[in-house]
Amino acid sequence: MTLFEDLKWRGLVKDVVGEEADLQKVLDGKPFSFYWGTDPTADSLHLGHYSSLCMAKRLANAGHHPVLLCGGATGRIGDPRPTAEREIISEETVNNNIKGIRSQVSAIVPSAELVDNYDWLKDYTFLNFLRDVGKYINVNYMLDKDIIRRRLETGITYAEFSYMLMQGYDFVHLYQEKNCIMEVAGSDQWGNITTGVDLIRKMLDKQAYAFTMPLILDSNGKKFGKSEGNALWLDKNKTSAYEIYQYLINTDDAKVLEYLKVFTFLSKEKIEEIYAQQTEHPETRIAQKTLAWEVVKDLHGEKEADNAVTVSQKLFAGDFKGLSVKDIMSGMKSVPSFDFIKEAPLIDVLVDNKIASSRREAREFLGNNAISVNGESVNDENLMITKEMAIEGQILIFRRGKKKYFIGIVK
């Protein structure tokens with residue numbers, strides 16, 4: 001397949017500026033420069049950004065040059081959210097966030113040229129910006145944009161309202177300085193990118209191209225993002241490789257084919273082969289396992305992907321040997337915990353921390369070999385549980401039955 005055909009098959013082309021045939025001709029033609037941008041609202045990108053990074057990588061693999069913009073200027077303003085104005089973040093925080101994002105982008109898309117719109121907007125005077133840019137965009141045109149229209153009832157500040165002009169001008173600047181003839185963005189940026197295309201036509205008398213990708217939603221119909229409370233950070237110090245692996249391996253069957261197309265670089269033939277196996281033998285969850293491994297490999301490397309598989313298998317089996325406390329805690333975030341302050345007989349630990357409701361019930365569990373400590377079955381109610389038994393001196397893991405876990409945190 002050509003690049004355009006591949007993008008269409010993956011469902012990655014939603015809205016197109018102009019004719020789709022023109023976009024196809026450009027994408028499948030000679031190399032060109034394109035850009036994608038994000039504002040530095042956090043010091044890490046998250047899984048919601050990953051589809052855009054994958055898009056940049058797909059175009060780069062086809063020979064095109066990616067220019068990835070981190071909005072040091074627009075990030076100081078904040079784009080309009082559907083519900084309320086964004087909180088203004090300090091310049092120190094913006095600069096720190098840019099540093100973190102640039103490091104991630106360089107690792108995931110090594111060929112990317114990184115730019116910051118603060119470099120060309122910081123000295124642009126308000127008066128000159130209005131004369132050079134503002135006069136080309138009609139207010140009625142801006143009011144008709146969906147993101148603006150949705151905020152009119154609750155109110156929108158002039159700063160947010162101006163965001164569209166700032167981002168539109170970014171396209172003009174990059175067209176002139178970097179020969180970026182195309183912008184790629186999520187579908188929620190449609191109003192901003194069409195403004196950029198219009199400004200290039202009116203200010204430069206040139207033609208630019210743009211298309212949006214559909215927003216990738218989770219199984220509950222929500223965006224991946226920090227505002228939705230379900231952020232999976234690409235920084236492994238904020239979200240471990242195991243956590244991303246575990247999240248993706250639990251992907252709903254109804255979403256896994258879409259995610260394989262969007263988040264992996266496997267060929268059409270390979271994806272269809274995997275999905276056919278999944279359909280025939282859903283119990284294997286081969287599609288979810290492939291998805292999770294491929295994404296972690298691309299983000300953090302093959303070694304981290306293999307380790308995520310190992311951690312997942314060991315935790316499922318209740319085998320904690322060779323696992324670090326960090327790995328264990330990543331996989332057991334929702335497990336009830338209690339402070340382990342001093343040594344005590346096993347039966348007292350079970351009852352005092354509500355692992356068993358009474359001494360009689362505790363003895364029943366022990367008699368049925370239903371209690372384990374750090375993965376080892378125990379049945380002696382007088383066994384002294386000490387801090388020296390803790391994994392890395394930090395945690396004790398108690399299991400009751402097959403699936404009920406409790407974590408004692410050594411104090």
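In this predicted model, five elements, α11 (241–249), α14 (286–300), α15 (302–317), α16 (325–331) and β12 (404–410), each put at least two residues into the lining of the second largest pocket. Of these, α11 chips in the most, with 6 residues. The pocket itself, second largest by rank, comes out at about 880 Å³. Its lining runs to 30 residues, and those closest to the centre are Y242, Q246, S312, L315 and F316. Sorted by class, the lining of this second largest pocket splits into 14 nonpolar, 8 polar and 8 charged residues.

Now for the enclosed space. Rolling a probe the size of a water molecule over the atoms shows where empty space is left. With the cut-off set at 30 Å³ or more, the count for this model is 1 cavity. The largest cavity holds about 60 Å³ of space. Three elements give two or more residues each to its lining: β1 (33–38), β2 (65–70) and α4 (91–108).

As for who is actually there, the walls of the largest cavity are made up of W36, T38, L68, L69, C70, I101, R102, V105 and L114. By class, that lining has 7 nonpolar residues, along with 1 polar and 1 charged. The charged one is R102 and the polar one is T38.

Terms used
Residues numbered from 1 in each chain as written. Predicted model: local features only at pLDDT ≥ 70, side-chain atom pairs only at ≥ 80, totals over all residues. Heavy atoms only, no water. 1 Å grid on protein atoms, 1.4 Å probe; cavity = no way out; pocket = protein on both sides within 12 Å on 5 of 7 lines; lining within 4 Å. Points joined across faces, edges and corners; volume = space filled by probe spheres on them. Helix = DSSP H or I, 4+ residues; strand = E, 2+ residues; numbered from the N terminus.
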